[in-house]
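Got your viewer open? Let's take a walk through this one, one selection at a time.

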Amino acid sequence: MRKYLFGTGIITAITGGMTLLRSLRSDEPFTWRTALAWLSWGISLALAIGTIVDTRRASRGKIVPDDSPVSGKAQKLFEKRRR
C-alpha cells in the first residue's frame, strides 16, 4: 500500500491542496479563478486515485479499462505480483 500512497500523483495532489488551503487563509475574496483552481485540484486528485485503483486491479489480474494509464502494463504487473 505504501507504493501507492507515496506515488508522485498523490504527493502532487496533496501539496497542491495544501497550497490552496493556505490561499483560503488570506483575506483575498473567493473569485472564479479560485473556483477553477479548486476544480482543477479535484480533477487531479481523482485521476491520481483512479490510477492507484487501476494499478491495484491490474496487479491482481482483474480487467483494467482501455483508457487507463496502466492498461498496456496489466499483464506485466500481474506477473510481477505472482512471483
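**First stop: the aromatic pair**

Look for aromatic rings that pair up, and the count comes to one aromatic pair. Select W38 and W41 to see it: the ring centres sit 5.7 Å apart and the planes make an angle of 85 degrees, so this is an edge-to-face arrangement, planes over 60 degrees apart being what earns that label. Keep in mind as you zoom that you're looking at a predicted model.

Now show the backbone around them. W38 and W41 are three residues apart in helix α3 (residues 32–59), which means about one helical turn separates them. Are these two buried or exposed? Neither: W38 has 22% relative accessibility, so it counts as partly exposed, and W41, at 25%, counts as partly exposed too. The cut-off for buried is under 20%.

**Next: L20, across from the tryptophans**

Select L20, which you'll find in helix α2 (residues 8–25). What does L20 touch, once neighbours within four places in sequence are set aside? The contacts are A37, W38 and W41. Draw a C-alpha to C-alpha distance from L20 to W41 and you should read 8.6 Å, for a pair that is 21 residues apart in sequence. L20 itself counts as buried, because its relative accessibility is 12%.

**Then: run along α3**

Colour the whole of α3. With 28 residues at 1.5 Å a residue, α3 should span 40 Å; the end C-alpha atoms are 41 Å apart, so the two agree. Which residues of α3 are buried? Select T34, A48, I52, D54, T55, A58 and S59. After α3 comes G61, and its phi is positive, near 85 degrees.

**Over to the surface**

Switch on a surface and pick W32, L36, L39, I43 and L47. These residues form a nonpolar patch on the surface, and together they have about 570 Å² of accessible area. Stop at I43, which has its place in helix α3. I43 has 47% relative accessibility, so it counts as partly exposed; exposed would take over 50%.

**Last: zoom out**

Go back to a cartoon of the whole chain. How many helices and strands are there? Four helices and zero strands, giving the pattern α-α-α-α when you read along the sequence. The chain has 83 residues, of which 19% count as buried. The accessible surface comes to about 6700 Å², and 61% of that belongs to carbon and sulfur atoms.

If you like contact maps, here's one more number: among contacts with a separation of 6 or more, 28% come from residues 24 or more positions apart.

Methods. Residues are numbered from 1 along each chain as its sequence is written. This is a predicted model: local features need pLDDT of at least 70, side-chain atom pairs count only at pLDDT 80 or more; totals for chains, interfaces and linings use all residues. Side-chain values use heavy atoms; hydrogens and water are left out. Helices (H or I, at least four residues) and strands (E, at least two) are DSSP runs, numbered from the N terminus. Buried means under 20% relative accessible area, exposed over 50%, partly exposed in between (1.4 Å probe, protein chains only). Contact means heavy atoms within 4.5 Å. Rings of Phe, Tyr and Trp (its six-membered ring) pair if their centres lie within 6.5 Å; planes under 30 degrees apart count as stacked, over 60 as edge-to-face and the rest as tilted. The expected span of a helix is 1.5 Å times one less than its number of residues. Accessible areas come from the Shrake-Rupley method with a 1.4 Å probe; for residues, only the protein chains shown count as cover. Patches are made of residues with over 30% relative accessible area and no salt bridge: like charges are joined within 9 Å, nonpolar side chains (Val, Leu, Ile, Met, Phe, Trp, Tyr) within 5 Å. A salt bridge is a side-chain nitrogen of Lys or Arg within 4 Å of a carboxyl oxygen of Asp or Glu.
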